[in-house]
Amino acid sequence: MSEDYSMTSQDSRVQSMFNRVTRSYDKINSLMTMGRHAQWCREVARRADLTASGRLLDIATGTGEIALAARRRYPGAEIFGVDFSENMLAEAREKPGADSIEWEFADAHQLRFEDESFDAVTHGYLLRNVSDVERVLWEQHRVLKPGGRVVVLETSPPRGVLKLVLSVGMSVVLPLLGQIIAKDREAYTYLKSSTLGFMSPAEVAAVMERVGFRDVDWATKYFGTNVIMWGHKP
Ligand SMILES: C[S@@+](CC[C@H](N)C(=O)[O-])C[C@H]1O[C@@H](n2cnc3c(N)ncnc32)[C@H](O)[C@@H]1O
């Protein structure tokens, strides 16, 4: 998996969409999760289980909420927040506490960091946006030290009766929120299709195990629509 990565047209589309929705991102995220996103970011930081002076990499950091939650929990840690949207990174850099975090441009398919250089890797809502889920998880495994932890926040496709209710709800509510708040209906139509069409936690866990993570497990949130997953590198 060491060959150079060239961005696909899907990557470029996702990148330009996040560059467009930056200003409204936090507001819509908070509305869509009924304010629970902040709580989930704290849980992701807690499950990273960093030592006082550990090193944590938050990939697809966006407006930096997970990296900042980790900063508050581990004041002595070295924290990096990376993303391939310059506009999202610019928003993150403006937040209180941001000065003590290293913010960098990076594509999750190809990280510049050395092998075995982090104690924990975290990410929120990255996997459903990438072209190659296995490569992205393989990169995370590569940069983690043995014993290091990965913690993932993701959406999870609804199942059973909820599937119909949420599919209809999301088809109406998301594009509408996008139009009213972000003035970008298309971006939030994409959010609906990427959420409903994404892998289940069991399918993601299978890929995590294939790249080498062990003791992979997860906790679903919010009627099973979101999930926090974790594992470690032996
Ligand atoms: C939905 S936002 C999540 C932001 C943040 N993690 C959170 O929980 O609020 C998804 C982020 O993933 C980033 N992203 C998507 N694909 C990426 C890739 N291949 N490499 C780096 N960042 C990526 C986007 O730019 C965007 O900032």
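Helices here are DSSP runs of at least four residues, numbered from the N terminus. Keep that numbering in mind, since helix 8 is followed by G212, a residue with a positive phi near 125°. We'll come back there soon. One thing before you click around: this is a predicted model.

**Stop 1: the whole chain**

Start with everything shown as a cartoon. You should be able to find eight helices and seven strands in the protein chain. Turn the view around: along its principal axes the C-alpha trace spans about 45 × 40 × 35 Å. How does the radius of gyration fit with a compact globule? For 234 residues, such a globule would come out near 17 Å, and the protein chain has 17 Å, so the two agree.

Now switch on the surface. The accessible surface of the protein chain is about 10700 Å², and 53% of that belongs to carbon and sulfur atoms. Of the 234 residues, 55% count as buried. Colour by charge next, and you'll be looking at 29 positive and 31 negative side chains, with the centres of the two sets 7 Å apart.

Here's something about how the chain comes together. Take the contacts between residues at least 6 apart in sequence: 71% of them join residues at least 24 apart.

**Stop 2: helix 8**

Select residues 201-211, which make up helix 8. Which of its residues are buried? They are P201, V204, A205, V207, M208 and V211. Show their side chains and look down the axis: they cover an arc of only 160°, which puts them on the same side of helix 8.

What do these buried residues pack against? Bring up helix 5 (133-143), strand 5 (144-155), strand 6 (214-221) and strand 7 (226-232), and you have the partners. Then step just past the end of the helix to G212, where phi is positive, near 125°.

**Stop 3: helix 5**

Helix 5 was one of those partners, so select it now. Nine of its eleven residues are buried, so helix 5 is largely enclosed by the rest of the structure. The buried ones are V133, R135, V136, L137, E139, Q140, H141, R142 and V143. To see what covers them, show strand 1 (55-59), strand 4 (118-124), strand 5 and helix 8, which are among the elements doing so.

Zoom in on H141, a residue of helix 5. Is H141 buried or exposed? With 15% relative accessibility, H141 counts as buried. Leaving out residues up to four places away in sequence, H141 touches V211, G212, F213, K233 and P234. You've met two of those already: V211 is one of the buried residues of helix 8, and G212 follows that helix.

Now try E134, also in helix 5. At 29% relative accessibility, E134 counts as partly exposed. Beyond its neighbours within four places in sequence, E134 is in contact with V207, R210 and V211. Got a distance tool handy? Pick the C-alpha atoms of E134 and I66: they are 68 residues apart along the chain and separated by 22 Å.

**Stop 4: a buried loop residue**

Go to T225, which sits in the loop between strand 6 and strand 7. Its relative accessible area is 14%, so T225 is buried. Which residues does T225 contact, leaving aside neighbours within four places in sequence? Select E154, T155, S156 and L166 to see them.

**Stop 5: two loops with a positive phi**

A bit of background first: most residues other than glycine have a negative phi. With that in mind, pick D49, in the loop between helix 2 (37-48) and strand 1. Phi of D49 is positive, near 50°, and D49 isn't a glycine. At 56% relative accessibility, D49 counts as exposed.

E116 is the next pick, in the loop between strand 3 (102-105) and strand 4. Phi of E116 is also positive for a residue other than glycine, near 50°. Is E116 buried or partly exposed? With a relative accessible area of 44%, E116 is partly exposed.

**Stop 6: back towards the start of the chain**

Finish at S6, in the segment before helix 1 (9-32). S6 has a relative accessible area of 58%, so S6 is exposed. Add D58 to the selection for one last distance: S6 and D58 are 52 residues apart along the chain, and their C-alpha atoms are separated by 22 Å.

Methods. Residues numbered from 1 in each chain as written. Predicted model: local features only at pLDDT ≥ 70, side-chain atom pairs only at ≥ 80, totals over all residues. Heavy atoms only, no water. Rg over C-alpha atoms; globule rule 2.2 N^0.38 Å. Buried < 20%, exposed > 50% of the residue type's maximum accessible area, 1.4 Å probe, protein only. Contact = heavy atoms within 4.5 Å. Areas by Shrake-Rupley, 256 points an atom, 1.4 Å probe, with all protein chains shown as cover. Lys, Arg positive; Asp, Glu negative; His and termini not counted. Charge placed at Lys NZ, Arg CZ, Asp CG, Glu CD. Arc of directions from axis to C-beta.
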